[in-house]
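Here are some short exercises to work through with the model open beside you. Try each task on your own before reading its solution.

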Amino acid sequence: MRNIRIGDYLVEEGHITPEQLQQVLQKQHETKDNKRFGDVLIEMGFMSDVKFAQALAGKLQVPYVDLNSFEIDGETARLVPQDLAEKNCVIAIGKTGRRLTVATDDPVNFNILEDIKVKTGYDTIPVLATRNAIRKAIGKAYQMSELGDLGVDMTQGEMLDDEESRDRVESAPIVKLATQIVENAFRMEATDIHIEPFEKYTQIRVRVNGDLVDLMHVSSNVQNQLSTRLKLISGMNIAEKRVPQDGRFSQTVDGIPLDVRVSSLPMVHGEKIVIRILSTGAIKTRGLHELGMSDYNFRLFESMIKCPHGVILVTGPTGSGKSTTLYAALGAIARPEVNVVTVEDPVEKQIEGINQCQINVKSGMTFPAALRSILRQDPDIIMIGEMRDGETAEIGIRAAITGHLVLSTLHTNDAASTIVRLIDMGIPAYMVASSLIGVVAQRLVKVLCPKCRKQRMSTPEENELMHIDHSVPIYDAVGCNECGGGYRGRTAIHEIIHCTGQISTMIANNASTEQLEKAARENGTKLLRDNVSDLVQQGVTTMDELIRVTYAV
């Protein structure tokens with residue numbers, strides 16, 4: 001069994017079909033950079049990197065280790081030189097006597113294991129882990145530990161009172177500190193970094209799963225140097241500290257290139273810096289099946305994006321995943337024979353094969369100006385980052401009526417109110433009725449950690465909120481070593497109104513939000529609260545999240 005090819009082994013074990021195996025082999029043969037079979041398999045989406053690593057470990061009879069939930073001793077890891085670890089994607093995770101346990105994604109490459117033995121003087125025992133997990137672990141073990149050398153306090157909000165520690169911060173290389181703040185935030189899967197100056201210290205917080213958590217505190221003197229460094233690499237004017245500025249820079253973390261946006265705002269005790277971490281094309285765009293839609297919503301959305309012309313709107317507050325949904329839709333409908341053009345401010349993710357246009361208001365490149373030019377570029381599909389005003393909305397609607405498929409976003413609370421908002425923006429009701437394919441309203445809810453969640457029965461008040469008439473088992477967040485406060489990641493909930501003939505007629509007759517919502521529910525639309533209620537009853541999220549995301553709806 002161990003001598004058969006990995007592809008045949010995966011087919012025998014039922015992980016992939018023979019047809020999928022042939023597709024992977026064909027793709028591997030066509031690639032020019034000699035990619036490994038497993039890399040091609042994962043890229044094509046037939047298996048996740050974790051599932052493949054577990055299957056490979058079973059075939060090779062090598063232990064599989066989940067490094068994301070494994071506590072690695074930094075001193076042990078650093079027995080292997082950093083350049084050797086990064087070059088070969090290996091990390092030492094344990095030491096017993098003169099034996100070193102080494103995590104690798106290629107346990108049959110004995111040359112790497114021999115190099116480690118020569119460099120360290122230890123015999124090596126290989127275990128198998130995913131490449132992404134190893135890279136993340138390398139970053140933590142070799143670089144995060146250096147924050148101690150910088151004199152940065154990482155004790156979740158305790159200020160630096162030790163004079164010697166403060167002196168070390170002030171004399172530390174600020175370049176290294178700025179780099180590592182971004183690296184640490186990315187490894188925590190944070191979306192934003194807030195550097196906030198106060199009188200006696202500067203607080204650095206990161207937004208993880210939608211909530212701000214303390215990362216570290218530094219002295220006020222370091223804050224000035226830190227803001228100068230960030231403004232310098234972002235292309236801002238470092239001499240100007242009285243007006244807000246915006247900039248951007250790129251940084252590679254664990255082999256993944258990031259697009260980093262920076263905003264500065266003058267405050268009482270200095271400039272507050274907010275950093276937005278955006279993934280680039282190096283991180284695969286999510287597919288439609290990865291958006292967390294229910295089966296009903298998935299089928300409805302899939303049928304909507306098949307329409308050759310019309311408008312599809314995705315709505316929700318800032319940070320609710322609207323852009324992710326739009327990019328997933330573009331990825332599903334973009335083909336070599338169609339011309340896809342986007343107008344964005346800013347371009348959040350660069351996608352190969354799609355023409356993306358960046359708004360620049362100072363130079364006169366506004367949404368309306370860009371859209372008028374794009375309509376002369378022979379587009380088939382247009383994605384408008386946001387319909388901010390009536391002029392942009394009207395051009396988008398007219399483009400849909402003249403035979404284009406238009407995707408865009410709006411900031412509204414729910415799907416039904418989006419339709420009324422368009423009419424309020426000055427678009428004639430008949431134009432909205434004839435062009436609108438459908439509206440997707442969405443929110444992000446935090447997902448419970450499956451290892452520490454605590455079960456209980458719902459109360460009568462909670463039953464009322466979930467629109468049920470009997471108590472059911474639900475779960476509360478607890479918190480453990482593997483999660484942040486009882487939650488691990490987020491998923492999306494959706495409310496989709498498909499503009500059928502009945503609803504289009506109601507739009508043309510200036511129906512109210514309540515009337516549109518009632519008609520949509522009769523057609524099968526599940527409201528946001530209904531969707532999150534299902535997740536609560538499935539044990540995916542909590543009542544706290546239901547109240548938080550649907551309170552204003």
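**Exercise 1: A salt bridge between two loops**

Arg-388 counts as partly exposed, at 43% relative accessibility; find its salt-bridge partner and say where the two residues lie.

Before you start, note that this is a predicted model, in which local features need pLDDT of at least 70 and side-chain atom pairs count only at pLDDT 80 or more, while totals for chains, interfaces and linings use all residues. Residues are numbered from 1 along each chain as its sequence is written, and side-chain values use heavy atoms, with hydrogens and water left out.

Solution.
- Step 1: recall the terms. Buried means under 20% relative accessible area, exposed over 50%, and partly exposed in between (1.4 Å probe, protein chains only). A salt bridge needs a side-chain nitrogen of Lys or Arg within 4 Å of a carboxyl oxygen of Asp or Glu.
- Step 2: find the partner. Asp-345 pairs with Arg-388, and their closest N and O atoms are 3.2 Å apart.
- Step 3: place both residues. Asp-345 sits in the loop between strands S11 (340–344) and S12 (355–358), and Arg-388 in the loop between strand S13 (381–384) and helix H15, so this bridge ties together parts that are 43 residues apart in sequence. Helices (H or I, at least four residues) and strands (E, at least two) are DSSP runs, numbered from the N terminus.
- Step 4: check the exposure of the acid. Asp-345 is partly exposed, with a relative accessible area of 31%.

**Exercise 2: A salt-bridge network**

Which residues are joined with Arg-36 and Asp-39 into one network?

Solution.
- Step 1: start with the pair itself. Asp-39 bridges to Arg-36, with the closest N and O atoms 3.6 Å apart.
- Step 2: look at exposure. Asp-39 is partly exposed at 22%, and Arg-36 is partly exposed at 32%.
- Step 3: follow the shared partners. Asp-105, Asp-106 and Arg-131 belong to the network with Arg-36 and Asp-39.
- Step 4: set this against the total. The count for the structure comes to 27 salt bridges.

**Exercise 3: The buried side of a helix**

Which residues of helix H19 (residues 501–508) are buried, and what covers them?

Solution.
- Step 1: list the buried residues. They are Ile-503, Ser-504, Met-506 and Ile-507.
- Step 2: look around the axis. These residues cover an arc of only 160°, taken from the directions from the helix axis to the C-beta atoms, which puts them on the same side of H19.
- Step 3: find the cover, where contact means heavy atoms within 4.5 Å. It includes helices H16 (415–424), H17 (429–435) and H20 (513–522), as well as strands S15 (436–448) and S18 (487–498).
- Step 4: look just past the helix. Asn-510 takes a positive phi of about 60° there.

**Exercise 4: The nonpolar core**

How many residues make up the largest nonpolar core, and which helix gives the most to it?

Solution.
- Step 1: define the core. It is a set of buried Ala, Val, Leu, Ile, Met, Phe, Trp, Tyr and Cys residues joined through side-chain atoms within 4.5 Å.
- Step 2: count. The largest core has 40 residues, and Leu-313, Leu-436, Ile-503, Ile-507 and Leu-516 have the most contacts inside it.
- Step 3: name the helix. H15 (residues 390–401) gives the most, with five residues.
- Step 4: look for another. A second, separate core of 29 residues includes Ile-193, Ile-195, Val-218 and Ile-273.
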